[in-house]
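Student: I should like to examine how certain labels in a structural description are justified. May we take them one at a time?

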Amino acid sequence: MIRLNKIRLLRGLGLASLSALLMATAGCGRKAEQAPAADTPKLESAQEDFTVLATSDLKDVEPLQEMVRKATGVRLKLKFGGTMESTEAVLSGEAKSDAAWFANAKYLLSSPQGQGRVKLQEKIMLSPISIGVSESEARKYGWDRPDLKLTWKDIANAAKAGQLKYALSNPATSNQGFMALMGVVAAASQKSEALSAADVDRGAIADFLKGYKLPGDNSSYLSEQFILQHGPKVNAFINYESWLLSLNASGKLREKLTLIYPHEGVSTADYPFMLLNEAKRADYLKVAEYLKSEPAQLWLARQTLRRPIKPELNERVADVLPRQGLQVELPFSPDRALADGLIAAYLNEFRTPIASTFVLDTSGSMAGGGRRQQLIDAMHYIAGADASLTGRIARLSNRERLWLQPFSDQPYGLQAFEVPAAVKAQRGVAELADSEAKQQVLAQVRQTADELRMKGGTALYDAVYEALAHMLEQRGKSPNYQYSVVAFTDGEVNKGRSLAQFQRDYQALPEDVRAIPVFVVVFGEANEAELKELVKTTGGRVFDARRTPLYSVFKDIRAYQ
């Protein structure tokens, strides 16, 4: 049965409502597993927290903090971040944590720098990548047969033919998206090992990505959008098995998903628990030992639907985990150039190109508190030359179209920019330097930001409405782009439409406009509650730049585009 107290606890912690629901319902209809307790109670000594940088898909293990404390005396404290930003924090040494816990650390450990940061590691649990397809669609195409031996090539062909239209976390920012793309690459290469950047089958990537219809930064956001759009437009979700099983159990889907495991193998998240701070080795060993203990393993399997790392425990949870999920593991190439080249090629060549309007608040209140400079710095950031991993992801990519729409009392001065395409490689993938033409466009964006002047009132809803109408017009001319609106504001709306008037006028827009999400960056004195109502109407998400530097917010926004 659903544990109402757990739901209230998770809401109190500020987690996304869907994540709370998925976690709470993961055990519905299954025999409850008692929370693991220590055989012999241990005295908790006065000590510092043992801090762990964890990727966001591990939010469902937060109850382990108290379990670990009771069992070992170690005060485990989890803090969450995206896969790529967390990886970069470890690589740079800026991760102020004693340990890290990722779904997969293959990218991190593919460089000597990453290997040097990680002192010890223990794999904790397993969850293979799977393709969850609507049951009706699976029956229609014969994908529900018990003897099915569907390959990655079959999946790419189905995507190319328009049969498979899937949601997937951004391969440039999330582990599951990246590992799914690597699965296609590894299977298409037909090489069991030593895959290099030059071996990449570009046609296989292009075919696979033709079915990529719903992008996002993380599984929580994607699940919310998938529930809303599940049907003819999006009929599949590629993610870890555990997440798809939990989504099936949530009761929120129009129909359940049939899980497909490619025949030649999959990439599996093994959730390595990694020591970063040598001074905390003793605490690390206690926590790792507990996480691998039978009570903790069974709790993780039943509550999070991830497989035990110990094979002998699989039979104990066979009632909740499908047997066909135990697959051959596709090889992961240690060639860092392959990983970096694949990310760069995805961003600049293979993904659906981005077209977005940035709605920029230039009202008088933006002149104070350093807000104008924040906004200018953020524009410089996406149009600059940040060579960091997340910087490369956040900056404007090849083929991208961008409009800057300033507003104060009313919208004004719309300006358009287009980043040129690069010469396509004939084979393989590789990172390429910016062309001179691209550098010129980036310089023009920075100059436009420098010339922004702040005065007047705040007509946010008028500006967002006009931006949506503009994006809809552009979509009619160029349908093969992915459209979005990104609005920045620091003040209460005091000019033009009210929220209620905007919502009324929005409903009168053509249906296609509802597929264009609006992302809002809030800072200063903006009415956050109203802005959340705005994105609830239009789709998208609110980002709070009052607690996070604006340039960091940009990194997050780009992952949704």
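Student: In this predicted model, why is Arg 145 called partly exposed?

Tutor: The relative accessible area of Arg 145 is 43%. Partly exposed covers the range between under 20% and over 50%, so Arg 145 belongs to that class.

Student: What makes Asp 147 exposed?

Tutor: Asp 147 has a relative accessible area of 55%. The class of exposed residues requires over 50%, therefore the label applies to Asp 147.

Student: How do you know that Asp 147 forms a salt bridge with Arg 145?

Tutor: The closest N and O atoms of Asp 147 and Arg 145 are 3.3 Å apart. The criterion is a nitrogen-to-oxygen distance within 4 Å, so the pair qualifies as a salt bridge. The structure holds 24 salt bridges.

Student: Why is the contact between Asp 319 and Arg 302 called a salt bridge?

Tutor: The N to O distance between the side chains of Asp 319 and Arg 302 is 3.1 Å, and the cut-off is within 4 Å; therefore the term is justified. Asp 319 lies in the loop between β12 (307-308) and α14 (336-350), and Arg 302 in helix α13 (residues 294-304), so the pair ties together parts that are 17 residues apart in sequence.

Student: Is Arg 302 buried or exposed?

Tutor: Arg 302 is buried, because its relative accessible area is 3% and the limit is under 20%.

Student: What does the salt bridge between Arg 395 and Asp 434 tie together?

Tutor: The closest N and O atoms of Arg 395 and Asp 434 are 2.9 Å apart. Arg 395 lies in the loop between α16 (389-394) and β14 (401-407), and Asp 434 in the loop between β15 (415-418) and α17 (436-450), so this salt bridge ties together parts that are 39 residues apart in sequence.

Student: Why do Arg 395 and Asp 434 receive their accessibility labels?

Tutor: Arg 395 has 12% relative accessibility, which is under 20% and therefore buried. Asp 434, at 24%, falls between the limits of 20% and 50%, so Asp 434 counts as partly exposed.

Student: What makes β2 (76-81) and β4 (120-123) edge strands?

Tutor: The open sheet of five strands has the order β2-β1-β3-β11-β4, with mixed pairing. Both β2 and β4 are edge strands, as each pairs on one side only.

Student: How do you know that strands β1 (residues 50-55) and β3 (residues 99-101) pair?

Tutor: Three bridges join β1 to β3, and pairing requires at least two, so these parallel strands satisfy the criterion.

How values were computed: Residues numbered from 1 in each chain as written. Predicted model: local features only at pLDDT ≥ 70, side-chain atom pairs only at ≥ 80, totals over all residues. Heavy atoms only, no water. Buried < 20%, exposed > 50% of the residue type's maximum accessible area, 1.4 Å probe, protein only. Helix = DSSP H or I, 4+ residues; strand = E, 2+ residues; numbered from the N terminus.
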